[in-house]
Every structure is written in structure tokens, then in C-alpha cells.
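Reader: I am new to this structure and would be grateful for a close look at a single part. Please describe the part around the first helix, with the helices and strands that accompany it.

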Amino acid sequence: MALEHAILVSLLEKPGSGYELARRFERSIGYFWTATHQQIYRVLKRMETDGWVDAREVAQQGRPDKREYSVADLGRAALASWLHEPIEPESVRHDLAVKIRGAAFDDPAGLVREVERHRRAHTDRLAHYLSGEERDFPPRPADGTPPDAERELQHAVLRGGIAYERMMIGWLDDVLATLRRF
């Protein structure tokens with residue numbers, strides 16, 4: 001996936017400035033696709049030049065004006081085209097897995113602290129995801145209101161992140177039990 005597609009999705013969810021996009025990447029979409037502020041601004045400029053996004057100046061009180069971006073017709077068409085293209089299933093490329101295998105040739109117990117550090121990071125991320133799920137996705141009312149595709153699909157991605165973090169924690173628990181046998 002190109003950064004352009006992640007930006008288009010974010011702007012379709014809500015138009016915003018480059019700064020606001022960068023904040024969204026830090027808070028939500030960034031858990032699945034990361035980008036620096038500089039990358040976002042550089043790509044936004046190119047997307048504007050290519051006609052994928054429109055920008056308008058928005059006056060702010062006590063602050064400089066900001067440029068607010070929204071998706072143009074060409075950007076929507078580019079995203080629609082990309083959505084219909086097949087993508088290769090992702091392979092697992094994991095530095096920690098290589099370290100774990102390599103520990104057999106050194107001191108397996110010496111890797112325990114590093115695996116514990118990874119486990120804490122995944123536990124923290126899971127807690128963050130669960131907190132966001134509770135905050136942003138309360139149970140739907142049973143009044144027959146039709147589901148909102150945008151919200152339901154955002155929630156599906158979040159549930160995938162939750163499942164991934166739970167899987168990683170389980171795997172790291174298994175690795176720790178294995179390493180502690182040596």
C-alpha cells in the first residue's frame with residue numbers, strides 16, 4: 001500500500017490539514033500504517049499537484065491560516081481502482097523471531113528481558129486498542145437502525161488489531177516459557 005491510499009482513506013473519513021492527518025496517523029491509522037509528518041506533507045503536496053486532493057485555506061483566530069485537504073474526484077477514482085486490485089498476502093518478517101532462533105547459538109536465557117519488553121509493548125497496545133474500542137464503538141442499539149459501513153469497517157480493523165495483539169502476547173508467553181527452560 002502506498003501512503004497515498006492511507007491518506008485518501010483518512011481524508012474521506014474526515015477532511016483535515018497536514019497536521020491533523022499526522023495526528024490521526026499517530027492515534028489510529030498509524031498502528032497499521034506509519035508515516036512521518038514530513039512524509040505526509042510531501043505526499044499531500046504531490047497529491048494536490050496530481051489532482052487527487054483539493055486544498056482550501058481556512059482562517060484561524062490567533063494562528064496562521066491552515067490548508068485543509070479533501071479528496072478530489074481523481075483521488076476517489078484512484079482509491080477505488082486500488083481497492084479493486086489484488087494484493088499479496090503479507091509475510092511475517094520479524095526481527096525478534098530471528099533473534100529467538102539465533103538464541104540457540106548463544107545463551108537462550110539472555111533473550112528473556114528482550115522478549116519481556118516486547119510483551120509489555122504488545123500488552124500496552126492491546127490495552128490502548130481495548131480502551132479505544134470501548135470509547136468509540138459502544139454496542140449498537142437494537143432499534144433496527146441499519147449499520148454504518150464506515151464505522152463497522154473501522155471497528156473490523158480495530159478488532160483485527162486486538163486479535164493480533166492477543167496472538168502476539170500468547171506467542172510471547174510461549175517463547176518466554178521456552179526460554180526459561182534453559
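Author: The account below takes up the helix packing, then the nonpolar cores, then the salt bridges, and lastly some single residues.

The model is predicted, and for that reason local features need pLDDT of at least 70 and side-chain atom pairs count only at pLDDT 80 or more, whereas totals for chains, interfaces and linings use all residues. Residues are numbered from 1 along each chain as its sequence is written, and side-chain values use heavy atoms, with hydrogens and water left out.

Helices and strands are DSSP runs numbered from the N terminus, a helix being H or I over at least four residues and a strand being E over at least two. Helix α1 covers residues 3–13, and α2 covers 18–27. Their axes come within 11 Å and cross at roughly 100°. Axes here are lines fitted to C-alpha atoms, for helices over the stretch in contact, and angles run from 0 to 180 degrees between N-to-C directions. The crossing makes α1 roughly perpendicular to α2; angles of 65 to 115 degrees receive that description, while those under 35 count as roughly parallel, those over 145 as roughly antiparallel and the rest as oblique. On the side of α1 the contact is made by L3, A6, I7, S10 and L11, and on the side of α2 by L21, R24 and F25. Contact means heavy atoms within 4.5 Å. By class, this contact has 6 nonpolar, 1 polar and 1 charged residues. In this scheme Ala, Val, Leu, Ile, Met, Phe, Trp, Tyr, Cys and Pro count as nonpolar, Asp, Glu, Lys and Arg as charged, and the others, Gly among them, as polar.

Helix α1 also packs against α3, at an angle of about 85° and with the axes 10 Å apart. That makes α1 roughly perpendicular to α3. Here L3, E4, I7, L8 and L11 of α1 meet Q39, I40, V43, L44, R46 and M47 of α3. The classes in the contact of α1 with α3 are 8 nonpolar, 1 polar and 2 charged residues.

The nonpolar cores come next. A nonpolar core is a set of buried Ala, Val, Leu, Ile, Met, Phe, Trp, Tyr and Cys residues joined through side-chain atoms within 4.5 Å. Buried means under 20% relative accessible area, exposed means over 50%, and partly exposed lies in between, with a 1.4 Å probe and protein chains only. The largest core has 18 residues, of which I7, L11, F25, I40 and L44 touch the most other members. Two or more residues are given to this core by each of α1, α2, α3 (37–49), β2 (63–71) and α4 (73–83). Its largest share, 5 residues, comes from α1. A second, separate core of 10 residues includes V115, L172, V175 and L179.

Charged side chains link several of these elements. A salt bridge is a side-chain nitrogen of Lys or Arg within 4 Å of a carboxyl oxygen of Asp or Glu, and by this rule the count comes to 10 salt bridges. One of them joins K66 and E20, at 2.7 Å from N to O. Because K66 lies in strand β2 and E20 in helix α2, the pair ties together parts that are 46 residues apart in sequence. K66 is buried at 19%, whereas E20 is partly exposed at 27%.

Another salt bridge is formed by R56 with E68, whose closest N and O atoms are 3.0 Å apart. R56 belongs to strand β1 (residues 53–60) and E68 to strand β2, so the pair ties together parts that are 12 residues apart in sequence. R56 is partly exposed at 49%, and E68 is buried at 18%. R67 in strand β2 and E57 in strand β1 are 10 residues apart, and their side chains meet in a salt bridge of 2.8 Å, N to O. R67, E57 and E48 are linked in a network of salt bridges.

Some single residues complete the view. H5, in helix α1, is buried at 11% and touches L79 and W82, not counting residues up to four places away in sequence. S17 lies in the loop between α1 and α2 and is buried at 7%. Apart from its neighbours within four places in sequence, S17 is in contact with K66, R67, E68 and Y69. T34, in the loop between α2 and α3, is exposed at 62% relative accessibility.
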